[in-house]
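Let's take a walk through this model, starting with a term we'll want for its cysteines and then moving on to its pocket.

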Amino acid sequence: MNRVIHPIEQESFRRLRARLDISHFPPLTRAVVERVIHSAADLEYATDLVTDEDDLVKAHAALHAGAPLVVDVEMVAAGITRRETVCRLKDAASGPGLTRSAHAVRLAYEQVGPGALWVIGCAPTALEELLTLDAAPALVIGLPVGFVGAAESKAALRESGLPAVSNVSEKGGSAVAAAALNALLYHPVSPVPPVPPVPPVPRVCTDSTEETL
């Protein structure tokens, strides 16, 4: 189903593009960067975000093929309105050496298994816990916010080699994490090209005349 874009959103993106030219970015990178900037009204994300177009292409395909979508907090889920999400924070409990957010990640992984997309916009410990699991994610959008552990957890995500969207600074949050995921949701899926018809196969008859099937 096509998404109806409100005139205010259209004007907001027009003003954004008038102030910042990122037309040189590849398509999905540009979509993510623009929507994150739009969500925060913060142009610095154009140089703060770190991602890879090939990772985004694969994640986009997985997302639209129905891969599970896991979020760390309900605030992220509230920003993603076009897909069901998994959030196990209500079921989680803290313990020795384990935050509630980290426990929620464990519970979510037990539920969805490998191949999911993970959107973490609040707790650095959720991202840290995900990196200890053999989650084989389709993508990790790791944009937790805060002065304690946020930048470090995002650096660890980049060092892990997992397909990811992250940023260098301490800033982030639920709104920008949801925006990064929405950029992939809203980006159109390329239509499958039609299969060309198979040409007739020549057949040689016994009387040496040629005909086609």
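A residue is called buried when its relative accessible area is under 20%, exposed when that figure is over 50%, and partly exposed in between. Keep in mind that what you're looking at is a predicted model.

With that scale in hand, look at Cys-122: its relative accessible area is 35%, so this residue counts as partly exposed. Cys-87, on the other hand, comes in at 17% relative accessibility, and therefore it is buried.

Do these cysteines pair up? Let's rephrase that as something we can count: how many disulfides are there? The count comes to 0. A disulfide is a covalent bond between the sulfur atoms of two cysteines, and the cut-off used here asks for the two sulfurs to sit within 2.5 Å. The cysteine sulfur closest to that of Cys-87 belongs to Cys-122, but it is 9.9 Å away, so the gap is too far for a bond. Seen from the other end, Cys-122 is in no disulfide either, with the sulfur of Cys-87 as its nearest cysteine sulfur.

Now for the empty space. The largest pocket has a volume of about 350 Å³, and 14 residues line it. If you want to find its centre, go to Phe-13, Arg-17, Ala-31, Glu-34 and Arg-35, the lining residues that lie nearest to it. Three helices each give two or more residues to this lining: α1 (7–19), α2 (27–40) and α9 (174–186). The largest share comes from α2, with 5 residues. As for chemistry, the lining has 6 charged residues, 6 nonpolar ones and 2 polar ones.

Methods. Residues are numbered from 1 along each chain as its sequence is written. This is a predicted model: local features need pLDDT of at least 70, side-chain atom pairs count only at pLDDT 80 or more; totals for chains, interfaces and linings use all residues. Side-chain values use heavy atoms; hydrogens and water are left out. On a 1 Å grid over the protein atoms alone, a cavity is a set of points where a 1.4 Å probe fits but cannot get out, and a pocket is an open set with protein on both sides within 12 Å along at least five of seven lines; lining residues have an atom within 4 Å of a point. Grid points are joined across faces, edges and corners, and a volume is the space filled by probe spheres set on the points. Helices (H or I, at least four residues) and strands (E, at least two) are DSSP runs, numbered from the N terminus. Ala, Val, Leu, Ile, Met, Phe, Trp, Tyr, Cys and Pro count as nonpolar, Asp, Glu, Lys and Arg as charged, and the others, Gly among them, as polar. Buried means under 20% relative accessible area, exposed over 50%, partly exposed in between (1.4 Å probe, protein chains only).
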